[in-house]
Every structure is written in structure tokens, then in C-alpha cells.
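Me: I would like to learn how to read nonpolar cores and surface patches in a model. Could we go through them together with the structure in view?

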Amino acid sequence: MIDEAHCISDWGHDFRPDYRRIRSLIEQLPASVPVLATTATANSRVVKDIEEQLASGGEDVFTIRGALARRSLRLGVAGPVGTGKSSLIATICRAMSGELQIGVITNDIYTDEDARFLRSAGVLPAERIRAVETGACPHTAIRDDVTTNLLAVEDLEADFAPLDLVLVESGGDNLTATFSPALVDAQIFVLDVAGGGDVARKGGPGIARADLLVINKIDLAPYVDVDVELMVADATAAREGGPVLALSRKQQDTIDALSAWVRAMVARHRAGSHTPQDPGPMAPHFHADEEGGYIHSHDEAPGAVHQH
């Protein structure tokens, strides 16, 4: 019996000098001697490599792979276009990839622009950053039908298990965008000072009920005449005391505060003490079309989806 069988794989992280020794031993065993190998840390590449090495003795290999006992914290990042969602994700990855195993799923309607930005920034190995092209309004893929995103997250978790954190970035949307709790365990909503100091007090499900509201790019506040302290106070009032974080990727103390929040959320998820909350459906909003447009409501009442 071989425990911690990932050690015999080129992809494993432990005992790399010894993996060939175990393979050689297997090749010398009589065909009548069964070999059992177990591991709880192997991703798909490791499993394939282990299968090939165990088969070196000429016998068939039968693999049983169960679900991971611990899956990652799935953290959604939503907010309007241009608020710095991708930059926030890059900041988390730079600050925390040394202590957490992280993967990223980005959403764009027709491109993989955000994923390419993150890969080019080198914040994670490129293969851990994957793109979903929604082909529709951003909120559709994070709330109405999360299937595409959910499959992407599960594939990423399987390929690089065990991940500690998967960041799911929504495409840019309006102030009411929220993630389904079927997709993420917690969510961050991102505003920025360049959008105006009054945005935070306008409210909406994203602002009011996300697990964390981030006011981003505070280093730009002097150039757009925004009072950051007042904006944070307005946001805190709109959230009835819920956490609000003023952030700049150029100010280390704010990055440390963001990292501490993420670290605490991961710990709560691992301990089973965090319960995903449903921030509620998006508010009705207008979509233009050839006939003039329609109000799109996420109310579950019959006939409430498309009202012209």
C-alpha cells in the first residue's frame, strides 16, 4: 500500500527524488501482488501521472475518485464597469498567493479581456485563470442561470485541487447586481471614487447586502474632488453598519485590510461557520431594443421577467 501517492508523481510537491524509486519497486513486484495507492491531494494531472506509473508493472489500474472533503471558498466580485474589479482581484492574488492556493474565473460578454489582463500581470500561473464569455447581460450568468460559471469553477477546483479560494469576477453591471448563493459563498461589491462621491448612498442590493463593500481607487480622490471619509460614512449608513473598505492598490495598509478580511472569510468557510446569504434579486432595470426597450425584472412572479 502506498499512502500519499502523489509523491510518486512528477506533479507532486513532496519527496520528488523518491518517486522513481517507488516506480522501480512496483515494476519488480510479481504480477500477483496487488498495489493500493491513496491520496487526498491529487488534481487531475497528478491522478493521470500516478495511473501511468502504477501501470508500469503491466497490470490494469482501477481508479476511484471521490469528491474533495474541503472545497474552496468561492468569492464573487461584482460592481459597475470600470470600478477596478480586475485590479482588486490582481491585488488579492499578489498579496495572498503565498499563503493561499487561488484560482480565478472572469466574466465578459464577448471577450476574455479581463482574464488576459490578469494573465499578463503574472499574478497567478496562467492556467489558473479562466474566462467565461457570457454572451448576455452580466447578471444573467451570475444569478439567473449560473450553470456556465458553476461548471467553470468546479473544473478549476478539480484540476488544481485543493484550492483555498476561487475568485469569480462578474462582468460590469449596475448597482443592483448580485450573485446567486448557488454560485458563490460570499461576495464583494466594488465602487470607485471616480464614479462620484454620492454613488454609495444610492443603495441597491449590491451595495446594501454584499458581504463587503469596497470603495476603490481612493488615491484618485483629490483629483475628482471626492471626500473619502464622507463616502465611507454614506456607504456604512446605506449598509446599516455592514463592512466597508476604502482601498488603493498603492496604499499597503488598505491592501493589508483587504487581505485580513479575505483571510478571515476563508477561515470561517473552513470552520463551517459562514453561511452564504442571498442578497435578494436585482431591482427592475431597463434594456433597450429595436422596439424601444423593456423593463427587466428578476421577480419570480409569473409574467414579471420581461415587461414592455
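Reply: Let us begin with the interior, bearing in mind that this is a predicted model. A nonpolar core is a set of buried nonpolar residues joined through side-chain atoms within 4.5 Å; here the largest such core has 32 residues, and Leu88, Leu165, Leu167 and Val262 are the ones that touch the most other members. At least two residues of this core come from each of several elements, among them strand 1 (73–78), helix 3 (85–96), strand 4 (165–169) and helix 10 (252–271).

Me: Which residues is Leu88 in contact with, leaving aside its neighbours within four places in sequence?

Reply: With those neighbours set aside, Leu88 is in contact with Val77, Ile188, Val190, Val214, Leu247 and Leu258. There is also a second, separate core, which is made of 30 residues and includes Val166, Phe179, Leu183 and Phe189.

Me: Which residues make the nonpolar surface patch?

Reply: A patch is built from residues with over 30% relative accessible area, and in this model Leu25, Leu29, Val33 and Val35 make a nonpolar one of about 300 Å². Of these, Val35 is found in the loop between helix 1 (19–28) and helix 2 (44–54).

Me: Why does Val35 count as partly exposed?

Reply: The partly exposed class lies between the buried limit of 20% and the exposed limit of 50%, and Val35 belongs to it because its relative accessibility is 37%.

Me: What does Val35 touch, not counting residues up to four places away in sequence?

Reply: On that count, Val35 touches Ile2, Leu29 and Leu54. Although Val35 and Ile2 are 33 residues apart in sequence, they are 7.6 Å apart in space, C-alpha to C-alpha.

Note on methods:
Residues are numbered from 1 along each chain as its sequence is written. This is a predicted model: local features need pLDDT of at least 70, side-chain atom pairs count only at pLDDT 80 or more; totals for chains, interfaces and linings use all residues. Side-chain values use heavy atoms; hydrogens and water are left out. Patches are made of residues with over 30% relative accessible area and no salt bridge: like charges are joined within 9 Å, nonpolar side chains (Val, Leu, Ile, Met, Phe, Trp, Tyr) within 5 Å. Accessible areas come from the Shrake-Rupley method with a 1.4 Å probe; for residues, only the protein chains shown count as cover. A salt bridge is a side-chain nitrogen of Lys or Arg within 4 Å of a carboxyl oxygen of Asp or Glu. Helices (H or I, at least four residues) and strands (E, at least two) are DSSP runs, numbered from the N terminus. Buried means under 20% relative accessible area, exposed over 50%, partly exposed in between (1.4 Å probe, protein chains only). Contact means heavy atoms within 4.5 Å.
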